[in-house]
Amino acid sequence: MTFTSFPFLVFVAVVVVAYYAFPKKARWVVLLVGSYAFYLISSADTLVFLLATTVVTFFAGLFLGKVNDETKLYIEEHKAELDRSAKKELKAKAKKRKRGVVAVALIIDFGILAVLKYFSVYLAALSDVIGFTFEAGILIPLGISFYTFQSAAYIIDLYREKYAPDTNIAKFALFTSFFPQIIQGPIPRHDHLAHQLYEGHDLKYENLCHGAQLMLWGFFKKLVIADRCAILVASVFDSYTEYSGWAVAVALIFYSIVIYADFSGGVDIARGVARLMGIDMPHNFRRPYFADSLSEFWRRWHMSLSFWTRDYIFFPISLSKFFGKLGKNLRGILGDRVGKLFPVIVAQMATFTIIGLWHGADLKYVLYGWYNGLIIVGSLLLEPYFEIWAKKLRVNIESKGWHVFKVVRTFLIVSLGRAFPRAASAGVAFSMMGSLFAVTSVEPFRATVSSFGLGMGDYVVIALACIVWFIVSFIAEREENRAKAAHADKKKGIVSGRAQGEGDAETGAEVRNLIDKLSLPVRWALYLGLFLAVLLLGVYGPGYSASTFIYRGF
């Protein structure tokens with residue numbers, strides 16, 4: 001059951017009606033039943049693995065919470081007798097007890113993920129070595145990467161004493177299985193999502209309206225833009241040897257559009273479904289193609305994964321005493337600046353290795369992570385030289401023109417890297433990249449436009465839809481920047497006319513808040529126009545099966 005299917009809309013309607021029909025204190029039960037019903041319908045054969053991760057994580061969390069409480073209670077009861085060193089020793093002993101449980105829980109959770117998601121790749125590699133063919137036949141559970149990373153964050157946060165553990169296994173099962181986010185994410189943190197799931201929410205027109213808006217916008221991006229552009233992308237990538245470098249370049253740019261419209265569209269639908277019931281799931285995208293550097297792009301793209309790797313991989317490595325000391329020792333060999341940056345470099349590469357592996361175990365995914373990591377590390381190392389070159393060339397780095405140049409440059413770098421995850425293999429990705437530098441004429445490009453599988457009407461629809469998407473994104477970016485400026489003014493004690501009533505950056509960035517201020521006829525004209533665009537221009541119907549969401553398999 002996919003987000004774009006009619007049965008899914010019926011399912012959502014039934015869950016929402018049941019949610020508000022039940023008493024407040026029992027509404028979480030409706031979500032739990034609905035989530036497991038959705039999982040049984042979509043991936044019944046793999047439900048046992050979701051249950052295993054849930055049970056292991058829950059009981060590990062109980063143990064960690066118990067140790068945390070016992071340690072705090074003992075210190076509180078004996079605070080008059082314990083000096084600073086004694087308290088420190090007690091906390092160290094508690095951490096030692098907790099580390100074993102954390103290690104076991106993470107090994108089991110990530111072990112399930114590794115075996116189910118990567119086992120077939122390992123068998124294929126082994127087959128090449130020993131010359132024997134294995135048939136793995138393993139099903140990948142729906143959303144396994146999402147709920148595994150979500151559970152791992154819960155365990156680590158409890159180890160760090162960030163919050164108290166769940167004591168009701170049924171409620172925790174809802175947290176790991178909440179049906180709108182299990183297909184495409186985002187990867188929510190327990191302290192943000194859990195309490196929203198467990199407490200009942202009142203029926204509000206605002207939530208129903210904003211939830212429907214998000215869903216409709218997600219359908220627009222998925223069905224009108226992503227699935228139409230995907231036809232061109234598939235035509236080139238599936239027969240790349242028949243196309244010139246110009247065609248490959250177009251396909252890479254179109255794939256950047258496809259994956260963003262597809263992924264963000266799916267997340268919009270998921271967030272919209274949750275919002276119908278008053279549940280606010282975290283944002284996963286912040287207009288990433290407006291980023292002016294690759295590092296900023298990753299702070300805007302798949303934010304829940306980027307922040308996950310930042311908090312649980314990048315910071316622990318970059319701030320560790322071991323790598324800090326190693327960096328100091330290497331300054332004599334690598335130079336003072338590189339030695340100082342060494343922990344950050346290691347942390348960046350480790351982070352992007354995990355991001356690559358999160359997508360899959362194939363070499364192409366690992367190379368995708370390294371491609372991004374190496375460019376960011378290279379930019380970090382060359383930053384002083386860029387500043388020198390900019391001064392010598394008299395480039396005004398504060399100008400809008402330079403900013404636009406950096407945005408376009410970042411988009412092209414991102415688009416080039418898309419060859420790795422989309423191509424059939426790493427070898428194919430390198431071959432397609434190589435063809436980009438063998439272009440000698442635009443004639444081959446003109447000759448292949450008609451062979452992309454799209455008609456002129458399709459290109460017009462794509463262009464108009466992308467213009468609408470760009471305008472909405474531009475308004476959101478502008479409103480966020482205004483809100484940030486207003487917030488900065490307030491901190492300085494300056495309250496401008498614009499600053500009054502604008503709220504924080506995220507609120508100001510919500511285009512729907514601007515829509516709410518429009519007159520009723522204008523608002524409904526916008527809703528109707530978007531609905532008709534999806535209905536009349538969406539890529540679906542007899543003989544066509546809407547392509548599965550790209551990130552559904554993760």
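## Exercises on a helical model

The protein has 23 helices and 0 strands. Keep in mind that this is a predicted model.

**Exercise 1.** How much of the protein counts as buried, and what is its accessible surface?

*Solution.* Start with the residues: the protein has 554 of them, and 49% count as buried. Then turn to the outside. The accessible surface comes to about 27,100 Å². Carbon and sulfur atoms account for 66% of that surface.

**Exercise 2.** Among contacts with a separation of 6 or more, what percentage joins residues 24 or more positions apart?

*Solution.* Take the contacts in the protein with a separation of 6 or more; residues 24 or more positions apart account for 77% of these.

**Exercise 3.** Where is Met-456 placed, is this residue buried or exposed, and which surface patch does it help to make?

*Solution.* First, find the helix: Met-456 is in helix H20, which covers residues 456–491. Next, check the accessibility. Met-456 has 62% relative accessibility, and exposed means over 50%, so Met-456 counts as exposed. Finally, look at its partners. Met-456 joins Val-460, Leu-464, Ile-467, Phe-470, Ile-471 and Phe-474 in a nonpolar surface patch of about 720 Å².

**Exercise 4.** Which residues form a positive surface patch with Lys-95, and how is Lys-95 classed by its relative accessible area?

*Solution.* Begin with the location: Lys-95 lies in helix H4, residues 84–130. The positive patch is formed by Lys-91, Lys-95, Lys-96 and Arg-99. Now class the residue. Lys-95 has a relative accessible area of 38%, and partly exposed lies between the cut-offs of 20% and 50%. Lys-95 is therefore partly exposed.

How values were computed. Residues are numbered from 1 along each chain as its sequence is written. This is a predicted model: local features need pLDDT of at least 70, side-chain atom pairs count only at pLDDT 80 or more; totals for chains, interfaces and linings use all residues. Side-chain values use heavy atoms; hydrogens and water are left out. Patches are made of residues with over 30% relative accessible area and no salt bridge: like charges are joined within 9 Å, nonpolar side chains (Val, Leu, Ile, Met, Phe, Trp, Tyr) within 5 Å. Accessible areas come from the Shrake-Rupley method with a 1.4 Å probe; for residues, only the protein chains shown count as cover. A salt bridge is a side-chain nitrogen of Lys or Arg within 4 Å of a carboxyl oxygen of Asp or Glu. Helices (H or I, at least four residues) and strands (E, at least two) are DSSP runs, numbered from the N terminus. Buried means under 20% relative accessible area, exposed over 50%, partly exposed in between (1.4 Å probe, protein chains only). Contact means heavy atoms within 4.5 Å. Lys and Arg count as positive and Asp and Glu as negative; His and the chain ends are not counted. The place of a charge is taken as NZ of Lys, CZ of Arg, CG of Asp or CD of Glu.
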